[in-house]
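Here is a short report on side-chain contacts and surface features. Keep the sequence and the structure in view while reading.

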Amino acid sequence: MPKCPLKILTGYDCPGCGATRAMHAALHGNFISAIHYNLFLIAGIGYAMLAAVATWLPFVSKRKRIRSLILGPAAGWIYITLFFAWWIVRNILGV
C-alpha cells in the first residue's frame, strides 16, 4: 500500500490513515481490529448506514424531520467537527 503523503511529510496520522486496513478487517468480521486501525471510519460507516435508511425508508411519518436531522447542515457541521477532533485525538493519544 502507498504511504500517506501527510504522514510522510509531517510524521502525523491523518484522519484517514488506516482506513483501507479498517475496511478490510470490518468486511471480514474482525471489528476489534477495524476499530484499532481507524475508529472514525467505523463510526462513519454507521452514520452512512443511518443516512441510507433515512433516505430510503418509505412511508414513515415525520420522514422529513428525521431526514433533516440526519442529513441536514447541522449534521454536516457535527461530522466536520468530529473529523478534526478525531485527527487531533488520534495524534495526541496515539490511537
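## Aromatic pairs

The whole structure contains 5 aromatic pairs. One of them joins Phe40 and Phe83: the ring centres lie 5.9 Å apart and the planes meet at 65°, so this pair is edge-to-face. The cut-off for that label is an angle over 60 degrees. The pair links distant parts of the chain, with Phe40 in helix H4 (residues 39-56), Phe83 in helix H6, and the two positions 43 residues apart. The model is a predicted one.

How are aromatic ring pairs described in general? Two quantities serve: the distance of the centres and the angle of the planes.

Phe40 and Phe83 also belong to a wider group. Ring pairs connect Phe40, Tyr47, Tyr79, Phe83, Phe84 and Trp87 into a cluster.

## Salt bridge

How many salt bridges does the structure hold? The count is 1. Lys7 and Asp13 form a salt bridge, and their closest N and O atoms are 2.7 Å apart. Is Asp13 buried or exposed? Asp13 is buried, because its relative accessible area is 18% and the limit for that class is under 20%. Its partner Lys7 has a relative accessible area of 38%, so Lys7 is partly exposed.

## Cysteines

The search for disulfides finds 0 in the whole structure. Cys4 is in no disulfide, and its nearest cysteine sulfur, that of Cys17, is 3.6 Å away. Why does Cys14 have no bond to Cys17? The closest cysteine sulfur to that of Cys14 is in Cys17, 3.5 Å away, and this is too far for a bond. A disulfide needs the two sulfur atoms within 2.5 Å. Cys14 is buried, with 17% relative accessible area.

## Surface patch

Which residues form a nonpolar patch on the surface? They are Ile88, Val89, Ile92 and Leu93, and together they have about 420 Å² of accessible area. Ile88 sits in helix H6, which covers residues 73-93. Ile88 counts as exposed because its relative accessibility is 52%, and exposed means over 50%.

## Accessibility at a glance

The table collects the residues by relative accessible area.

| Residue | Relative accessible area | Class |
|---|---|---|
| Phe40 | 12% | buried |
| Cys14 | 17% | buried |
| Asp13 | 18% | buried |
| Phe83 | 29% | partly exposed |
| Lys7 | 38% | partly exposed |
| Ile88 | 52% | exposed |

In the edge-to-face pair, then, Phe40 is buried, while Phe83 is partly exposed. In the salt bridge, Asp13 is buried, while Lys7 is partly exposed.

Definitions and conventions:
Residues are numbered from 1 along each chain as its sequence is written. This is a predicted model: local features need pLDDT of at least 70, side-chain atom pairs count only at pLDDT 80 or more; totals for chains, interfaces and linings use all residues. Side-chain values use heavy atoms; hydrogens and water are left out. Patches are made of residues with over 30% relative accessible area and no salt bridge: like charges are joined within 9 Å, nonpolar side chains (Val, Leu, Ile, Met, Phe, Trp, Tyr) within 5 Å. Accessible areas come from the Shrake-Rupley method with a 1.4 Å probe; for residues, only the protein chains shown count as cover. A salt bridge is a side-chain nitrogen of Lys or Arg within 4 Å of a carboxyl oxygen of Asp or Glu. Helices (H or I, at least four residues) and strands (E, at least two) are DSSP runs, numbered from the N terminus. Buried means under 20% relative accessible area, exposed over 50%, partly exposed in between (1.4 Å probe, protein chains only). Rings of Phe, Tyr and Trp (its six-membered ring) pair if their centres lie within 6.5 Å; planes under 30 degrees apart count as stacked, over 60 as edge-to-face and the rest as tilted.
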